[in-house]
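Me: I would like to learn how to read the helices and the packing in a structure like this one, going from one feature to the next. Could we begin with how the elements are named?

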Amino acid sequence: MVHRDLAARNVLLCDNLVAKISDFGLCCTTDETLIHKGNLAQKLPIKWLALEALTDRIFSEKSDIWSFGILVYEVFTFGSIPYANMNNDEMLVFLQAGNRLERPNNVCDELYEIMKSCWNKYMGLRPNFLELEERFENLNDFPKSTRL
């Protein structure tokens, strides 16, 4: 399954600071290729979508990884809207030119590299969630008891 709406607004904080993903309204199943081809009529959270989702409506674990990178941006900017000063068309041109969100002031270079890896133009080069878990565990100053 692909969530298609990973964003801070869809993460619930429970007891002991356990984070749980919620709102599965845009969730979809994939075919044997682990990809879902969406239709153009459906309303989607544009500023959280991967390039392939924006341009070709292709959704997979890797498009959820892109959204997860945006979610991390939201967390470290205390809920700032990504690409706040751009409309959807400007954002698409910005991303297609190879640009990405800037590093928030309170994000170390190592964490920003993880975020940027989530926003790789080539979905096959993005990490998967298990790889992200390992990378977070290896971050300096990241609590080892924290789980994704």
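Reply: Helices here are DSSP runs of H or I with at least four residues, and they are numbered from the N terminus. Keep in mind throughout that this is a predicted model. With that naming in hand, L101 can be placed in the loop between α3 and α4.

Me: Is L101 buried or exposed?

Reply: A residue counts as buried when its relative accessible area is under 20%. L101 has a relative accessible area of 7%, so this loop residue is buried. Leaving out residues up to four places away in sequence, L101 touches I70, Y73, P82, Y83, F94, Y112 and W119. For one of these partners, W119, which lies 18 residues from L101 along the chain, the C-alpha atoms of the pair are separated by 9.3 Å.

Me: How should I read a charged residue such as E52, and which residues does E52 touch?

Reply: The same cut-off of under 20% applies, and E52, which has its place in helix α1, is buried because its relative accessible area is 8%. Not counting residues up to four places away in sequence, E52 touches R57, I58, K62, S63, M123 and R126.

Me: Which residues touch the most other members of the largest nonpolar core?

Reply: That core has 33 residues, and L111, M115, W119 and F136 are the ones that touch the most other members. The elements that give two or more residues to this core are α1 (51–56), α2 (61–76), α3 (88–96), α4 (109–118) and α5 (129–138), and α2 gives the most, with six residues. As for L111, once its neighbours within four places in sequence are left aside, it is in contact with V72, F76, F136 and L139.

Me: What describes the packing of two helices?

Reply: Two packed helices are described by the angle between their axes and the distance between the axes. In this model the axes of α2 and α4 come within 7 Å and cross at roughly 145°, and the crossing is left-handed. On the α2 side the residues that meet α4 are I65, W66, F68, G69, V72, Y73 and F76, while α4 brings L111, M115 and C118. By class, this contact has nine nonpolar residues, one polar residue and no charged residues.

Me: Which residues of α4 are buried, and which helices do they pack against?

Reply: In α4, the buried residues are L111, Y112, I114, M115, S117 and C118, and the buried residues of this helix pack against α2 and α5.

Key:
Residues numbered from 1 in each chain as written. Predicted model: local features only at pLDDT ≥ 70, side-chain atom pairs only at ≥ 80, totals over all residues. Heavy atoms only, no water. Core = buried A, V, L, I, M, F, W, Y, C linked by side-chain atoms within 4.5 Å. Buried < 20%, exposed > 50% of the residue type's maximum accessible area, 1.4 Å probe, protein only. Contact = heavy atoms within 4.5 Å. Axes fitted to C-alpha atoms, helices over the stretch in contact; angles between N-to-C directions. Left-handed = near helix turned anticlockwise from the far one by under 90°. Nonpolar A, V, L, I, M, F, W, Y, C, P; charged D, E, K, R; others polar.
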